[in-house]
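Biologist: I have a chain in front of me and would like to go through its fold step by step. Please show it first.

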Amino acid sequence: MTTHPRLLQTALDATDVRALAEFYGQLLGLEYRAGDAPPSDGSADDADWLVLVYPDGSRALAFQLVDHLVPTTWPDPDVPMQLHLDMTVPDRRSLETVRHRVHDLGGRLLLDRTDDEEEPLYVFADLAGHPFCVFVA
């Protein structure tokens, strides 16, 4: 018997689940769960739920299709963050490498706090507007 549930994955809403899964898959080096990869035969991709896993097969992120999504306006308080992902890198050089990767993948910078000596970080928005932080741990 267990008294504590185990976190399986974090699920993100998206109006284009494939695009958001591709963004995070490339950013984090994740793979599709068996059966979730894009169709290889050129057929239409009608995915409404996708899961990304680590190389060992353990789940990391899931994406569920929604008709409408209002992206956060954070740091403006009109539409709060609601949820965000925290990611770490070992040093400032890696932080800058990730910043460039996020930009190349289509993400956008929301906040630059790299001048913080104790915990330099960036806050980005993904393709659907979900915020996520990358900081030096």
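Biologist: What is the mean pLDDT of the protein chain?

Modeller: This is a predicted model, and pLDDT is the predictor's confidence in each residue. In the protein chain, 98% of the residues reach 70 or more. The mean pLDDT of the chain is 92.

Biologist: Which element of the chain has the lowest mean pLDDT?

Modeller: At the upper end, strand S2 (residues 31–32) has the highest mean among the elements, 97. At the lower end the mean is 92, and the element is strand S5 (residues 85–89).

Biologist: In what order do the strands of the open sheet lie?

Modeller: The sheet has 4 strands, and its pairing is mixed. S1 and S2 are the edge strands, each pairing on one side only. The order is S1-S4-S3-S2.

Biologist: Do strand S1 and strand S4 run parallel or antiparallel?

Modeller: S1 covers residues 10–14 and S4 residues 59–65, and 5 bridges join them. Threonine 10 stands opposite leucine 61 in S4, and aspartate 13 has glutamine 64 as its bridge partner there. The two strands run parallel.

Biologist: Which residue in S4 is the bridge partner of leucine 50?

Modeller: Strand S3 (residues 49–53) pairs with S4 over 5 bridges, in the antiparallel sense. In S4, the partner of leucine 50 is phenylalanine 63.

Biologist: Which residue takes a positive phi in the hairpin of S3 and S4?

Modeller: This hairpin has 5 residues between its strands. The positive phi is near 95°, and the residue that takes it is glycine 57.

Biologist: At what angle does H1 run to S4?

Modeller: Helix H1 lies across S1, S2, S3 and S4. Its angle to S4 is about 160°.

Biologist: Why does H1 count as roughly antiparallel to H2?

Modeller: Helix H1 (residues 17–28) packs on helix H2 (residues 92–105) with the axes 10 Å apart, at an angle of about 155°. Because angles over 145 degrees count as roughly antiparallel, the arrangement of H1 and H2 is roughly antiparallel.

Biologist: How many nonpolar residues does the contact of H1 with H2 have?

Modeller: H1 passes H2 in a right-handed crossing. From H1, Phe23, Gln26 and Leu27 meet Val98, Arg101, Val102 and Leu105 in H2. By class, the contact has 1 charged residue and 1 polar residue, and the nonpolar ones number 5.

Conventions. Residues are numbered from 1 along each chain as its sequence is written. This is a predicted model: local features need pLDDT of at least 70, side-chain atom pairs count only at pLDDT 80 or more; totals for chains, interfaces and linings use all residues. Side-chain values use heavy atoms; hydrogens and water are left out. Two strands pair if DSSP finds at least two bridges between them. Axes are lines fitted to C-alpha atoms, for helices over the stretch in contact, and angles run from 0 to 180 degrees between N-to-C directions. Angles under 35 degrees count as roughly parallel, over 145 as roughly antiparallel, 65 to 115 as roughly perpendicular and the rest as oblique. A crossing is left-handed if the near helix is turned anticlockwise from the far one by less than a right angle, and right-handed if clockwise. Contact means heavy atoms within 4.5 Å. Ala, Val, Leu, Ile, Met, Phe, Trp, Tyr, Cys and Pro count as nonpolar, Asp, Glu, Lys and Arg as charged, and the others, Gly among them, as polar. pLDDT is the predictor's confidence in each residue, from 0 to 100.
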